Structure formats: C-alpha cells, structure tokens
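Reader: Hi! I'm new to reading protein models, so could we go through one together?
Author: Happy to. Here it comes.

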Amino acid sequence: MEQKFVFMFDHEKAVGKEMLGGKGANLAEMTRLGLPVPYGFTVTTEACNAYYEAGEQLSEAATLQIKKSLKKLEERTGKTLGDTNNPLLVSVRSGAVHSMPGMMDTVLNLGMNDETVKAIADLTHNPRFAYDSYRRFIQMFGDVVLGLDNSLYENYLENYRTSSGYTSDVQMTAGDWKEIIEAYKKITTEAAGRTFPQDPYEQLFLSISAVFDSWNNKRALLYRRLHDIPGHLGTAVNVQSMVFGNMGNDSGTGVAFTRNPSTGESELYGEYLINAQGEDVVAGIRTPQPINELKREMPDLYSELMKMCNLLENHYKNMQDIEFTIENGKLFFLQTRNGKRTAQSAVRIAVDMVNEGIMSEEEALLLVDPDQLSQLLHKHIDPEHTSQKLVSGLPASPGAATGEVVFDADRAELLSNEGRNVILVRPETTPEDIHGIVAAKATVTSRGGMTSHAAVVARGMGKACICGCGSINIDLESGRFTVADTIVEEGDVITVDGASGDIYLGEIATIEPEISEVFRQLLGWADNTSTLGVRTNADTPEDVRKAVELGAEGVGLCRTEHMFMDPERLPAVQKMILAESKEERNKALNKLLPMQQQDFERIFETLRGRPVTIRLLDPPLHEFLPNVEELLVDITRLELTEPESVELGRKQKLLRSVRLLEESNPMLGLRGCRLGMVHPEIYEMQITALFQAMTGVLNKGIDVNPEIMIPLVSHVAELREMSGLVHKVAKEIGGRNGISLNYLTGTMIETPRAALTADEIASESDFFSFGTNDLTQTTFGFSRDDAEGKFLQYYIENGTLPDNPFMKLDQEGVGKLVESGVTLGKQTNPQLKTGICGEHGGDKDAIRFCFDQGLDYVSCSPFRVPAARLAAAQSALGSRQERKSVLQPG
C-alpha cells in the first residue's frame, strides 16, 4: 500500500498532528467543526523527512499525490491554478508538530503571474488589489524561495513611496504597483541570476521545497534548541486557497486570542488591519487596531467572530490564538492553535476554566508548562520609585529589566556573552533577530503590536517586551533613538516595565514578586494530585524560609561547605586546613564548632520538624585556600618591597601548604568521605555541632528530623566507618542530655561504582540521594567546567548529543545508573528512602523520570520548587493516562 503523504482538510478520518503538524491538524479539525476555512490540503511531516532523506528532493510519490490533491482543490473551488479566466491562488505555509511562530517560511498569493494578475483584476473589478497582491508575491517568493535579501525590495519600495509623496502603501494606485512589479522582476533577475518563474506549478513545487528547507534554517534550529523541540520531527506544509484581506475597506486581517495572553483576563484580545494581508499584522510592519474597534466598525462580523472563538476554546479546552481574514465582509479562519501566554496568564486561565466548568482540576494542571512558572517569581519595578517615565508603548510581555541599549541582535548577543545586561531596541524584530531577543534582558520595538513577532517570542521566553512604541524615533545608522528632545545613545542604560509598557532612563530598583491566590490554588491542586515529594537545595535559613514559603516539604540538600566559606570564618577554616598537627587542627575546629552549631540551630528552627538532609564537608580543601597565582604575585611584590617582613614569611609558608594540597584532578581526589576517612576530626566536629544544635532546638519544643549524608561514597566500607562515627557522637551527646536522638544516615550516590554496588551500600544506609551533577561527570568522564567551556556546545550543535547532560538528565546512561541504584538498594533495604538532589531535580523531564523510577522526592533550588510541584503532579497524571490507555481495548 502506497504511503500517504498528502491529506485534504476534509479527510474523513482524523489524523494526528505528528503527521499533519499542529496547523494542518487544526485546519482539518476546524473544517470538520463546520467553520469557514478556505479549502486546501496538507503535505505531511513524513514527506518532509523523506525529502531530506532523498537529498532535499521531493519523492515521486509525494509529487504525484500533491498534483492529485491540487486537482481536488481546483474542483472544490471551481478555480484552476494558472487559469487566465478564473485562476486559483494559494498560500503555502509551514506547520510543525510544535508551534514555532515565525521561525519557518510562508508564501502567499502563489499562482500569480503576468497573465493571472489581469484575470484577478477583471474578476474583482479591483486592479489596485490585484497588482498589490502580485508585487507581494514576487517579493515573498524572492525572499523565501530564491533566498534574496528582502531589503532589496523594501529599499526600492521605500524610495518609490518617498519620491511619490506617499506616506503609506494604501495610497498607492494600480499604476504604481505595475511600475513596482516590473522593478521587482528586474531586481529578482539581477540578484538571483534567473527570471521570476511564470509557471504556477513551478512556483508551487519550489515553494513547498522552500518551506521544507526552512525547517533547518538558522532561526528554526535556534528556536528548537531553546524549546527542546526534536529535530527529527520535520514540518508539514499546508497548501490553502487564498482569501484576501486587502480587497478594500470591507476586507481585513487579524489575530485574535480568546483570552488576554498577558493577564489571562477572559476577553477577546487581539488586533486587526483593514485592507491588509495577514503578514502585515504578525510582521509588525504596520501598527494595527485593537480588536475591540472591530466591534464598532463591523458589529455583526465581530459577533460572529466571538461565537466562533468561544466554540474553538470550548472544543480545544485551551486559550486559542486565531488568525482570520475578512474578504468582502465575509469571515474566514486561517489558523487556530493553543496560544502562547505569560506564566501569569497561564495560571489564571487554567483556574478560571475550572471555575467556568470548561475543564477539571486535573485538566487544568496539564494546561500550564512548569518551565513557565519561574516567570512568576521574577522581580518587578518598585512601585514607589520616583523616576520620570521617558515614553510608553504596548505592554507586550510583563517583567522588568534594566540594561544597556543596543540596536543590533548580533551586538546584543556579543555583549551578553561578555556578561553585560542589554535591552534590544529595534523598529521591529523579525525571526532573524531571535538570537538577540534570547541574549537581551528585554526587547523594545517602535512598530508592531501585541501579536507581532517580538511580542510572541518574548512572551514564550518569559522576557519583558514593549511593542508599538511609536514615539521613539530610531536611527540605526547613528546608533541612537530620540523621544522628543531626549537622545538615548547605544550603551545608555534604560529600564523597561513590560507589564505597563513604560520605559525609564537609568536603573530603577526592583522588588520581589508575590504569589497570587490563583497560583496558590493551582499548586494546591498539584499537591493533592502528586505522590512525589518536592524538597529544596538550601544552605541558609533565608533560603530555607523562601523555599518553605514556595511549598518545599523539606531540605533535600544542605551543603555545609557553604557555611565554611563565610568571610568571617575563612581564617579559622584555613588554620584548620593548614594545621601541622592534630592538636593544632582541633584548636581551629573548636573555633568553628559553635559557628556551625548556630547555623544548624537556625535551619532546624526554620524547618520546624520538616526533614533536612545535611551533607558533611564535600569539596577538596584547596577550595578554601588562596589562589596559587595570586599568592605568587603577592610574594614577588613583597620580595621587592619588604624582603624582611613577617608577611612575606607567612605568605611563603602558605604557598608551600597550598602546593602540598594541589591535586591533578581535585574532583576525583581528597574530598567527600575520603576527607572524613583521613581527617575524621573534621567530620566529628560537624556531627557534634549538628547533634548539639538538635538537642538545643528539641529543648525548645521544636521537632527536628535530620538526615546525615556521607558524600562521595564508592565502597560500603567507607560508609560503614563514617556512619559509625555518626552513631558514636550521637550516643555520646544523647547520653549527656538524657535523650535518644532520632536521625537517619545515608549517602549521595554520585559515582558509577556506588550505583552498581547499591545493594551492598544499602545495608549501611537509611537513604540514597542521587547527586546527578557528579554522577553525570563520572559517568561521561567529563569535567563539567572543561566540557562546557571547550567542546560540549559543539557536541550539541553538531548533533553528537541531543542536550547538555548537565542541564537535561541523560536517561539512557546516567538514568540507568539511577535505576540500578534504586532497584539494588531496595532489594537490600525495602524501606530505603530515595531522592535526587542534582540540578536535574527541577527539570520537568527529569522529574517524570524520577516518578517512573519510584523515587520518594526530588530536590531543587528554592525558586524552582513551584515548577517542580506542578511537574510532579503532571507526572502522576501522565502515568494515569498511560495506564488508562493501555487498559482500554482496541
């Protein structure tokens, strides 16, 4: 049976978006719902993959099916591609499985040539419209299909407008467009080395190939990498009969969201342009009118639009982003998709849809992306500030940011890589600017609206964005913008408030955000659904307090070395390290003990009975000592200036000690439990401080539940000896105070041997915590700093690795060690508590993996706790759905 590469929109059986792409699947669904959708067909993602497998050539089967489908389209519309009496015009649009707004290419008005343009002029009695559409097609075809620089056309058009005294395209006549068309054809021939094709079939197949090619263009590759979209999916291509919004003042085009994508408010939200094509709105070339104005200008059509929008939202159970065109007073739907929204909006929409009876609480939990939630925890501008506003634009994406003004995406990326905060300011952005939007803290445009490219991309990234700031006059050549008499040069600092659309000169203070009641409500539903605990990685009472406020059930990793790094304590720590005898070391440790005890007391009091996993000292000792190069500089200076000084002798002694502690590979050297084995007095001090703090807090009537972690265990004998030290100290301190101290002992699984011998290690352990940062390093044999700095990015860009394994858990390698560790450990100790405390603990995919492996909890940084709570709930819901689908027959 021949593989099916093409489906008509009204294909009787629903086909998934994996084949049709999101746009094609939704066009077919809208057609089945009876909405006014211009007819067409979809060339599948499988045809795209076959195209690449064949060396970027359309297969014979796909070509034949496209021709047959085109014939069906012609029969349905009563028009024929290339016909000189009643010509069919089509659009050719991309449509990936996952929404990638503006990242791939589109061709409109295909089928126009020197003859069909005359037929369109006669049929519509509107020559101006016909020739305007033709010049648009030539320009788009030259840009998208032939790969010409779009500015070749734009510069000519701008010069023509200026020399003719026009201020907008709407003023231009059919005669003007005829002149421009001839110039455009000449530009195309000179720049492309070939004439503009007059054969509509050649136009069609070249355009389909060009859209397939755009799957791997620079901006699409970057977008996929940013949003973790797999590269093997391919894009579908939708060929659809054209409807025209540029046929006069009873025509137009627009974008409508069924709810406000910035705030989540239940209102029709969007923009439209009279006498324009769809690309004019999303490209930001003209600043459009708010959708509410349509209610005044065309009330019946607005009412129809509202009705259809409500139908789509209820059908998809999600806020919809809809593209529509009005042709001679008739409404058509060109696309619907789940709308991109801010985190604030996503949470409100999810909760409101439950309250409105559109969906259940469980469905609402699946509506919010955990990765977005960090947006709700970002700082915003202090409302008490007294700075004078410079200018305002449209509040396209909330958030606050301060940075240096830059006018070029490449420069934004360059300065950002140098560690500088920048604000990208442009007349409008295009998909070619995406790397600049990524690099910048915020984006400002002088043109375009709330649904322009800059707005949509910034909202998806959670970055502040202000659009349509028409009072800004940008001079890209001189690198400045002006607002009335105020000149802002490149490099000047501004502050933007994406929530209000206001821009200020200079830096303004920001404040911490507050969690809204609807956010708390959503997270409450998540907690009721989830079976996987969420803890935090925190080393100070302040971090612990913040994490508990954000819903952490306890501390999964408290790193005691961070307590050692306090500048006031560092001299005592260094004396402890540099001690030349045990007595000298104990003297230094006795100074540190009360400091460490106070740290533990404050954390225990903050947690009030919640569990806390305390990791004993882990890093190599040289990390607490001065840098060798800095010491050498100081010694050289003193030798020249104060050769007899006491300070010189002290520095020379210190240098000798530092060099004695130097290691070829400190990550694999004297650290973790190995340090405790060689210098047990260090661990004994920490354990003593911990249990003395525990007895003091218990005496205040506050419960304490410590879990004492021995780090970097590779052999059960290490854990046995160090656990024995813990039990000895606990018995001594408990005996002195007349109480029995309750605690757990365990280890961090961070070496392959520990995972592979977990059954032995579990015999001495109450819990395992998987330290996936080090486990990734030791499994891959990567030094993280060296790998990320020297070759890892190349591996990712080259496709050697799908992701940075320090950011995304390597489930095939590191994951197998985690799975083995859990399985073996619980064979020996069925009551073994298991968790994960590496950076992966806040990643939604890693959280689902941990859920599937039966771990008890994940632990992450305080501000990732809400996202982890939601991801844990989604993991439980996803597992239920999978079990349900397996149990259902058929």
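Author: One definition before we begin: helices and strands are DSSP runs, numbered from the N terminus. Also keep in mind that this is a predicted model.

Reader: Thanks! Where is Arg-447, then?
Author: Arg-447 is in the loop between β18 (442-445) and α17 (453-461).

Reader: Is Arg-447 buried, exposed or partly exposed?
Author: Arg-447 is partly exposed, because its relative accessible area is 37% and partly exposed is what lies between 20% and 50%.

Reader: Which side chain does Arg-447 make a polar contact with?
Author: With the side chain of Glu-428, through a polar contact of 2.5 Å. You can also look at Gly-470: 23 residues separate Arg-447 and Gly-470 along the chain, and their C-alpha atoms are 6.2 Å apart.

Reader: Cool. New topic: where does Ser-251 sit?
Author: Ser-251 belongs to the loop between β7 (235-241) and β8 (252-257). Its relative accessible area is 0%, so Ser-251 is buried.

Reader: What does Ser-251 touch?
Author: Leaving aside neighbours within four places in sequence, its contacts include Phe-244, Asn-246, Leu-273 and Glu-327. There is also a polar contact of 3.4 Å between the side chains of Ser-251 and Asp-250.

Reader: And where is Ser-133, another serine I spotted?
Author: Ser-133 is in helix α5 (residues 127-144). Ser-133 is buried, with a relative accessible area of 0%. Not counting residues up to four places away in sequence, Ser-133 touches Asn-109, Met-112, Phe-244 and Asn-246. You met Phe-244 and Asn-246 a moment ago, as contacts of Ser-251.

Reader: Nice link! Which residues touch the most other members of the largest nonpolar core?
Author: Met-576, Phe-604 and Phe-691 do, in a core of 126 residues. Helix α26 (residues 680-699) gives this core its largest share, 10 residues.

Reader: What is Phe-691 in contact with?
Author: Beyond its neighbours within four places in sequence, Phe-691 is in contact with Ile-708, Val-726, Val-729, Ala-730, Ile-733, Leu-741 and Tyr-743. A second, separate core has 83 residues, among them Val-117, Ile-138, Phe-141 and Cys-309.

Reader: Now the rings. How many aromatic pairs are there?
Author: The count comes to 19 aromatic pairs. One of them joins Phe-257 and Tyr-269, edge-to-face, at 6.2 Å centre to centre and 65 degrees between the planes.

Reader: Why is that one edge-to-face?
Author: Because the planes are 65 degrees apart, and over 60 counts as edge-to-face. Phe-257 is in strand β8 and Tyr-269 in strand β9 (residues 269-274), 12 residues apart, and the pair links distant parts of the chain.

Reader: Are those two rings buried or exposed?
Author: Phe-257 is buried, with a relative accessible area of 1%. Tyr-269 counts as buried too, at 11%.

Reader: How do Phe-780 and Phe-782 pair?
Author: They are stacked, 4.9 Å centre to centre with 25 degrees between the planes. Phe-780 is partly exposed at 26% relative accessibility, whereas Phe-782 is buried at 11%.

Reader: Which residues form one aromatic cluster?
Author: Tyr-134, Phe-137, Phe-141 and Phe-196 do. Phe-141 is the residue you saw in the second core.

Reader: Last one: which ring does the charged end of Arg-535 sit over?
Author: The ring of Tyr-857, 4.0 Å from its centre. For another example, find Arg-76, which lies over the face of Tyr-39 at 3.9 Å from the ring centre.

Notes:
Residues are numbered from 1 along each chain as its sequence is written. This is a predicted model: local features need pLDDT of at least 70, side-chain atom pairs count only at pLDDT 80 or more; totals for chains, interfaces and linings use all residues. Side-chain values use heavy atoms; hydrogens and water are left out. Helices (H or I, at least four residues) and strands (E, at least two) are DSSP runs, numbered from the N terminus. Buried means under 20% relative accessible area, exposed over 50%, partly exposed in between (1.4 Å probe, protein chains only). A polar contact is a pair of N or O atoms within 3.5 Å; within protein, one must be able to donate a hydrogen and the other to accept it, and residues adjacent in sequence count only if both atoms are side-chain atoms. Contact means heavy atoms within 4.5 Å. A nonpolar core is a set of buried Ala, Val, Leu, Ile, Met, Phe, Trp, Tyr and Cys residues joined through side-chain atoms within 4.5 Å. Rings of Phe, Tyr and Trp (its six-membered ring) pair if their centres lie within 6.5 Å; planes under 30 degrees apart count as stacked, over 60 as edge-to-face and the rest as tilted. A charge sits over a ring if NZ of Lys or CZ of Arg is within 6 Å of the ring centre and within 35 degrees of the ring normal.
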